[in-house]
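Trainee: I have a chain open on my screen and would love to walk through it with you. Could we go step by step?
Mentor: Gladly! Let's put it up and begin with the overall pattern.

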Amino acid sequence: MPAYQEILENRVEQIFEELDIKKPFKDNIKTFIEPLKLKDIDTYLHSLRVAILSVEIAKGLSKDLGITDLRPAAYGGYAHDVGKLAIPDETLKKKEDYTKQDMEKMKPHTIHSFNMIHGTFLLSSYLALEHHSDKAHDPYPSERERKKQEAKLPPGAKEAFEKCKPVVEIADVYDAMVTRDNQKYGGRMDPKDTKPIMLKIYPQYKELIQKLSKFNKNILHTEDIHWKKYFNRKTK
Ligand SMILES: [Fe+2]
Ligand SMILES: [Fe+2]
């Protein structure tokens, strides 16, 4: 049986095929992501899962969100945390829950992600910049920073970005809940327990989250990325 990492990598590869993402683009985005493997394997695996989940969610909500092109969701999910390459190991790899000070050190990762991929994957760089920006509690980066960058987006791209934005945000927070050993939430969560927390974090996405959990057998309970098999969930 292939190892967990290989299963995820194969799945991402398959998504690239399905979306007809050509080799130069595929190789290019991988060049950004590959160093994460050495820097922090957990962030690397998280990036693979968020790419997979983002595409599944974008497919599932394509009518609701008006998404016609799934590629930004794939790139955006894949590269959203690439800026963590610039975060010092003692913060990034800390096993305990983050303190306020740790959070402040983590926050610039969105801006680093943006700067790293902006020249090549324009739309996705905005998805990366803003993947923590709509949270009800402690959103970042600042509104000033977001507006400054958003002002540079051409109108067509801005529209596509706004459609895809909830997709990457939801995929990211969902994956963190079910895989990270977060003491604040009583350890890793069972997928079926995530909805109330997601609604707290993103009350403005209530309708989308409700919809997702209705047809989510293949999305939020994604069997083929083997949540339960690979993560020993702690009981609360
Ligand atoms: Fe992040
Ligand atoms: Fe993330």
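Trainee: Which pattern does the chain follow along the sequence?
Mentor: Keep in mind that this is a predicted model. The chain has 14 helices and zero strands. Read along the sequence, the pattern is therefore written with helix symbols throughout: α-α-α-α-α-α-α-α-α-α-α-α-α-α.

Trainee: Where in the chain is confidence lowest, and where is it highest?
Mentor: The mean pLDDT of the chain is 87, with 86% of its residues at 70 or more. At the low end, helix α14 (residues 227-230) has a mean of 50. Residues 231-236 have pLDDT below 50, and this stretch has 11 contacts in the model beyond near neighbours in sequence. So confidence, given by pLDDT, is lowest in α14 and highest in helix α8 (residues 109-117), at 97.

Trainee: What share of the contacts with a separation of 6 or more comes from residues 24 or more positions apart?
Mentor: For context, the chain has 236 residues, and buried ones make up 37% of them. Among contacts with a separation of 6 or more, the share from residues 24 or more positions apart is 71%.

Trainee: How do the axes of α1 and α3 lie relative to each other?
Mentor: Two packed helices are described by the angle between their axes and the distance between the axes. The axes of α1 (residues 4-18) and α3 (residues 41-60) come within 10 Å and cross at roughly 40°. That angle is above the 35 degrees that bounds roughly parallel and below the 65 where roughly perpendicular begins, so α1 is oblique to α3.

Trainee: What is the make-up by class of the contact of α1 with α3?
Mentor: This crossing is left-handed. On the α1 side the contact is made by Gln5, Leu8, Glu9, Arg11, Val12 and Ile15, and on the α3 side by Leu45, Leu48, Arg49, Ala51, Ile52 and Val55. By class, that gives eight nonpolar, one polar and three charged residues.

Trainee: And how many charged residues are in the contact of α5 with α11?
Mentor: The axes of α5 (residues 71-79) and α11 (residues 155-179) come within 9 Å and cross at roughly 45°, in a right-handed crossing. Pro72, Ala73, Gly76 and Gly77 of α5 meet Ala160, Cys164, Val167, Val168 and Ala171 of α11. The contact has seven nonpolar and two polar residues, and the charged ones number zero.

Trainee: Is Ala74 buried or exposed?
Mentor: Ala74 sits in helix α5 and touches Ile15, Leu19, Ala51, Ser54 and Val55, leaving out residues up to four places away in sequence. Ile15 is 59 residues away in sequence, yet the C-alpha atoms are 8.0 Å apart. Ala74 has 25 other C-beta atoms within 10 Å, and the cut-off is 20 or more, so Ala74 is buried.

Trainee: Is Asp20 buried or exposed?
Mentor: Asp20 lies in the loop between α1 and α2 (23-39). Its phi is positive, about 55°, although Asp20 is not a glycine. Because there are 7 C-beta neighbours inside 10 Å and the limit is 12 or fewer, Asp20 counts as exposed.

Trainee: Which residues does the cis peptide bond with omega of about 0° join?
Mentor: Look at the loop between α9 (122-129) and α10 (143-150), where Pro141 is placed. Asp138 is in the loop between α9 and α10 too, with a positive phi of about 50°. The cis peptide bond joins Tyr140 and Pro141.

Methods: Residues are numbered from 1 along each chain as its sequence is written. Chains are lettered from A and ligands numbered from 1 in the order in which they are written. This is a predicted model: local features need pLDDT of at least 70, side-chain atom pairs count only at pLDDT 80 or more; totals for chains, interfaces and linings use all residues. Helices (H or I, at least four residues) and strands (E, at least two) are DSSP runs, numbered from the N terminus. Two residues are in contact if their C-beta atoms, placed from the backbone, lie within 7 Å. Axes are lines fitted to C-alpha atoms, for helices over the stretch in contact, and angles run from 0 to 180 degrees between N-to-C directions. Angles under 35 degrees count as roughly parallel, over 145 as roughly antiparallel, 65 to 115 as roughly perpendicular and the rest as oblique. A crossing is left-handed if the near helix is turned anticlockwise from the far one by less than a right angle, and right-handed if clockwise. Ala, Val, Leu, Ile, Met, Phe, Trp, Tyr, Cys and Pro count as nonpolar, Asp, Glu, Lys and Arg as charged, and the others, Gly among them, as polar. pLDDT is the predictor's confidence in each residue, from 0 to 100.
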